[in-house]
Protein chains: 2
Amino acid sequence: MNKQLILEKRPVGMPDADTWKLTNNPIPEPKEGEVLIENYYISLDPAMRGWMNDSKSYIPPVQLGEVMRAGTIGKVIKSNNHPKYRVGEVLTGWGGVQQYSIANGDNYYPVDTSLAPMPTYIGTLGMPGMTAYFGILEVGKIKEGDIVLVSGGAGAVGSVVGQIAKIKGCRVIGIAGGPEKCKYLTEELGFDGAIDYKNENVAKGIKEHCPKGIDVYFDNVGGEILDAALGRLRMHARVVICGAISQYNNTTAIKGPSNYLSLLVNRATMQGMVVMDYAKDYRMAAQEMGGWMAEGKLKSREDIYEGIENFYDTFQRLFTGEKNGKLVLKVKEA
Amino acid sequence: MNKQLILEKRPVGMPDADTWKLTNNPIPEPKEGEVLIENYYISLDPAMRGWMNDSKSYIPPVQLGEVMRAGTIGKVIKSNNHPKYRVGEVLTGWGGVQQYSIANGDNYYPVDTSLAPMPTYIGTLGMPGMTAYFGILEVGKIKEGDIVLVSGGAGAVGSVVGQIAKIKGCRVIGIAGGPEKCKYLTEELGFDGAIDYKNENVAKGIKEHCPKGIDVYFDNVGGEILDAALGRLRMHARVVICGAISQYNNTTAIKGPSNYLSLLVNRATMQGMVVMDYAKDYRMAAQEMGGWMAEGKLKSREDIYEGIENFYDTFQRLFTGEKNGKLVLKVKEA
């Protein structure tokens, strides 16, 4: 049987336990040209919250009654004359929160599990890592000596952003929640400084750590932290808008950045990004990042929980921050 | 004697009549290498409000007791061995709200009054025109076929932005206050449409006039109009942050754009600009714009008031919108 998590209702604010329903259905059969994939790990990402809203965005919303969308890694266990993928191949893609998926192969990518463990392929070598790579290099346009600030610094995206910026010769300050995460940034990942937003005044922290201001701010959180960062931009600064986790469960209007006129004063740029635009270069990025991992310059940490029935409890950790690294749910034994 | 307007106190909110004081002082003597300029016209611009705040910005604030900063046009009436400018030359520059200025020539430019009347050189061929030119071309990066929306569309900057966009083959919609100004945009300046923000719902108006969305939004006003425009961006749209006149007299925090996540969804860019960065190319821009004016493709309209003692009443028109075109104060007979 195939355990599947179905979107039952559209949440208002933070999703509750009734938002999804776990069902048990027969394992489907692949049609001509399709494969059946057994999913082992599911990626839990803040963006999932946005996909649940019935509004125009960069991707259609998950419909009520559909399997909840999620990034996955799994193995092809049956092929109905698929032109490319054979039984035994390990693929990442959009399998959704379920134990078995049918796919025609679009937006799936084969991975080599002898080079990195499966969870890494939905983390640092998957969408979050790609987001970090293209966001900080293509949108942030970092160069040696830049002062880089990243929020969600201990998260799946932010931790990679900061490490890539260090590899490129920048000074890097991360914002994270709690002393443990901050210690992780400076002692494990080599960040030059960390600001604990749960226990410190962020604006003051930025001023102390970046007395000359910020060249690049990579924003995963929005809200007051975005405002604090805007208040410290240097001339020609770049602000990368990757996400706004502090605002995703709002029941009122999103808080706009009150300090946005800092863009004018500093001739700065604020630019949004969506990782899917860079799909044609994923392979190149994964190779480069894989190289950095092999050299020990890029570290990856996954926080893995088990059991599809624990999806709801695990999902909440995205927003409470009670996790250490990339949040992953194991839904089947590999 | 030299009538001068002195900044007496820092306003909170909208400046009142006690903000400045008119004084009468002897006409100063130029020192070695300086010139004495008789000022005829003074440019009134929304940016002046920002220069009165004691806060870090793109230019130092006007200090209490100093002559109020303003763009001017006047004639050299005395030269103390100035290396470049001679008696009789007409110059634009930062003469301030006074009848006579002393200058060493920095940031002054000679103009040819046989090609255009003096007020045009502090309007369409002066700072506002330069702001429009570099803002829409260099920051907005317009190309043929783009859908361009401009707020403050009947103002000194916005009216030029829209006309340049028309010259470049864009579809142009302006936002302005009142039916007269809207008629001016469509019937005189050739805009494709106009939205009357004083009598229409702007978000609805944008939807009607730009059913496919906006490629470039040139913002002079901020506030709710910026939010409405952000809500209708097309993919890879550019938002030029030139000003935020709706927020300049706020006594509470500036309203940040609640819809800024549209930048993410649409991979769009919001960029600030300050015209002074383009000083080395002013001459080239003035030549090109002068050519367009001669061909009748670029129209200029100045609304001229008289008398330095009427500065305060005239200044208020910037914020009430009770003006038709570029606001100019004549302070002396040429």
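**A chat about the two-chain model**

Reader: Hi! Where does B:D54 lie in chain B?

Author: B:D54 lies in the loop between helix 1 (47-51) and strand 4 (72-79) of chain B. Helices (H or I, at least four residues) and strands (E, at least two) are DSSP runs, numbered from the N terminus. This is a predicted model, where local features need pLDDT of at least 70, side-chain atom pairs count only at pLDDT 80 or more, and totals for chains, interfaces and linings use all residues. Residues are numbered from 1 along each chain as its sequence is written, while chains are lettered from A and ligands numbered from 1 in the order in which they are written.

Reader: Thanks! Does B:D54 count as buried or exposed?

Author: B:D54 counts as exposed, because it has 11 C-beta neighbours inside 10 Å. The cut-offs, for C-beta atoms placed from the backbone, are 20 or more others within 10 Å for buried, 12 or fewer for exposed, and partly exposed in between.

Reader: And which residues does B:D54 touch?

Author: Leaving out residues up to four places away in sequence, B:D54 touches B:R10 and B:P61. Contact here means that the C-beta atoms, placed from the backbone, lie within 7 Å.

Reader: New topic: how can chain A be laid on chain B?

Author: A turn of 180° with a shift of 0.0 Å along the axis does it, with an RMSD of 0.0 Å. The two copies are thus related as by a two-fold rotation axis. The superposition is by least squares on the C-alpha atoms of residues with pLDDT of at least 70 in both copies.

Reader: Nice. In chain A, which C-alpha is nearest the axis?

Author: That of A:G256, which is 2.1 Å from the axis.

Reader: How many residues does the contact take from each chain?

Author: It takes 25 residues from chain A and 25 residues from chain B. On the side of chain A that touches chain B, the largest share, four residues, comes from strand 13 of chain A. By class, that side of chain A has 15 nonpolar, seven polar and three charged residues. Ala, Val, Leu, Ile, Met, Phe, Trp, Tyr, Cys and Pro count as nonpolar, Asp, Glu, Lys and Arg as charged, and the others, Gly among them, as polar.

Reader: So what joins strand 13 of chain A to strand 13 of chain B?

Author: Three bridges join these two strands (residues 269-272 in each chain), and they run antiparallel. A:T269, for one, stands opposite B:Q271. Strands pair if DSSP finds at least two bridges between them.

Reader: What sheet has both copies of strand 13 in its order?

Author: An open sheet of 12 strands with mixed pairing. Its edge strands are strand 10 (193-196) of chain A and strand 10 (193-196) of chain B, each pairing on one side only.

Reader: Last one: at what angle do helix 3 and helix 9 of chain A pack?

Author: Helix 3 (residues 127-139) and helix 9 (residues 282-294) of chain A pack at about 95°, with their axes 10 Å apart. The two helices are therefore roughly perpendicular to each other. Axes are lines fitted to C-alpha atoms, for helices over the stretch in contact, and angles run from 0 to 180 degrees between N-to-C directions. Roughly perpendicular covers 65 to 115 degrees.

Reader: Which residues of helix 3 and helix 9 meet?

Author: A:G129, A:M130, A:Y133 and A:F134 in helix 3 of chain A meet A:Y282, A:A285 and A:M289 in helix 9 of chain A. This contact has six nonpolar, one polar and no charged residues.

Definitions and conventions: Contact = placed C-beta atoms within 7 Å. Parallel < 35°, antiparallel > 145°, perpendicular 65-115°, else oblique.
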